[in-house]
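Welcome! Let us take a walk through this structure together, starting with one small piece and building outwards from there.

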Amino acid sequence: MQNYIGTAPEKVVGTVPTVTPVHPVNDPILKARALEFFGKRDLRVVERPRPMITDQRDAIIRITLTTVCGSDLHLYHREIPEIKKHDVFGHEAVGIVEEVGSAVKGIKQGQRVAISAVIACGDCWFCKQGQMSCCDRTNSSGTMDYLYGNRTAGIFGYSHLLGGYEGLQAEYARVPFADINLLPLPDSVSDEAAITLSDIACTGWHGTELGEVSAEEGKNNVAIWGMGPVGLMAARWAIHRGAKNVVAIDSVPERLEKAKSIGAIPLNYSKEDVFEGLKKHFQYGPDVGIDCVGFRYAKSLMHKVERALNLETDAVDVVAEVIKCTRKGGIVVLIGDYVGLANQYPIGAQMEKSLTVRGGQVFVHRYWKHLLELFEKGVVDPTFVVTHTYKFEDIPQLYEAFDAKRDGVIKGVVKTANTA
């Protein structure tokens, strides 16, 4: 993807205005550690200036817990356009409010908060519809306008295609529109639980919401491709919402065992054909098929070759499999990341089977208060996905292990020097 599109569109079309500065004012004296990008699979913990209040709607957060998301691995491999040397990655974190701007009303210094991965303004038409990841005013990328016809919201630490904001794999972070993008936390919810509200708990819920998963006949048979943290959360939420059968598809034994532990039915695609395997559990196929895999994972030789030769950016083997397996009249949900162009998309099967296909970045702000309430009441404990804890200086090692699916790493969290 990086090679296919590169930085040419940004150089040609430039950037567009946003309603908040993308880059923070830096403290001239105080420094803190952050993880910087130096090149493909080359990430380093460095000292850099602390961010300061740059807009009076900002807050500065002293981060206590951060993490690496599966989507960060696309950046690690430099397969997202417009990644630059010294960019700071990361879009999931919990911390303490260090300082707030004069226009911030609902967030106070000293509060413990979760940070939304999505940067929303809270005031545009899309934000008012609850579609915060479609925010019209926080992404400066002219490239996204050029490629997609519209810009989506800015996202912390996720390339200049998604706004170029400094990420949250850092000891301090500036959060624009603090009243919108921070969620105060009760003492009863741990940092490890709360950090899932930044992204994965909400994204898993988003998948089941788009799929209309419920106990109702015709909506209660679910298959989920990819048992990383998002896939596991989607499986957990599907069960919570009343799904009768939830089949969890992956090949990593630890992930399949984790899915089984929450009540899902594991299906190992390396040992069993997925289409034939799903026939054992669903008469007509799943009502809802949810793709939590994304564009980098080609299963077929054709897509491996096409990606290698830059004939496409996104492999759609998994999408094609979901479409093939989902029952006629069912719903296909794409919450794994897709970013560019693909070949051999089964549009005929999609149309002829009367399938509904939905997807999109998560509407964090629409869901996170409800999910926090479920955590508070003990209805769901999202920390079942957390398998490892790392020191801040060891984040590069977490990336390596997570990328290689090594050492049983499913979700590693990172404690900073700010952790009590």
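A crossover between two strands is called right-handed if, with the strands pointing away from the viewer, the path from the first strand over the helix to the second runs clockwise. Keep that picture in mind, and remember as you look that this is a predicted model.

Here is where the idea applies: β11, helix α10 and β12 form a β-α-β unit that is right-handed. The helix in the middle, α10, covers residues 253-261. Its two flanking strands, β11 at residues 245-250 and β12 at residues 265-268, run parallel and are joined by 4 bridges. To find one of these links by eye, look for Asp250, whose bridge partner in β12 is Asn268.

Now step back to the sheet around this unit. In what order do the 6 strands of the open sheet come? Reading across, the order is β12-β11-β10-β13-β14-β15, and the pairing is parallel. At the edges sit β12 and β15 (356-359), each of which pairs on one side only. Going from one strand to the next, the sheet twists by 20° on average.

Further along the order you meet β10 (residues 221-225) and β13 (residues 288-291), another parallel pair, held together by 4 bridges. Here Trp225 is the residue to look for, standing opposite Asp291 in β13. A helix also packs on the sheet: α8, made of residues 200-210, touches β13, β14 (331-334) and β15. The direction of α8 makes an angle of about 155° with that of β14.

Let us turn from the sheet to the space enclosed by the protein. How many cavities of 30 Å³ or more does a search of the whole structure find? The search finds 1, and the largest cavity holds about 150 Å³ of space. Its lining is made of 19 residues, and those closest to the centre are Pro51, Glu166, Tyr172, Ala173 and Arg174.

Which elements give two or more residues to this lining? They are β1 (25-39), β2 (42-52) and β8 (172-175). The largest share comes from β2, with 4 residues. What is the character of the lining residues, sorted into nonpolar, polar and charged? The lining of the largest cavity has 12 nonpolar residues, 1 polar residue and 6 charged ones.

Terms used: Residues numbered from 1 in each chain as written. Predicted model: local features only at pLDDT ≥ 70, side-chain atom pairs only at ≥ 80, totals over all residues. Heavy atoms only, no water. Pairing = 2+ DSSP bridges. 1 Å grid on protein atoms, 1.4 Å probe; cavity = no way out; pocket = protein on both sides within 12 Å on 5 of 7 lines; lining within 4 Å. Points joined across faces, edges and corners; volume = space filled by probe spheres on them. Nonpolar A, V, L, I, M, F, W, Y, C, P; charged D, E, K, R; others polar. Axes fitted to C-alpha atoms, helices over the stretch in contact; angles between N-to-C directions. Contact = heavy atoms within 4.5 Å.
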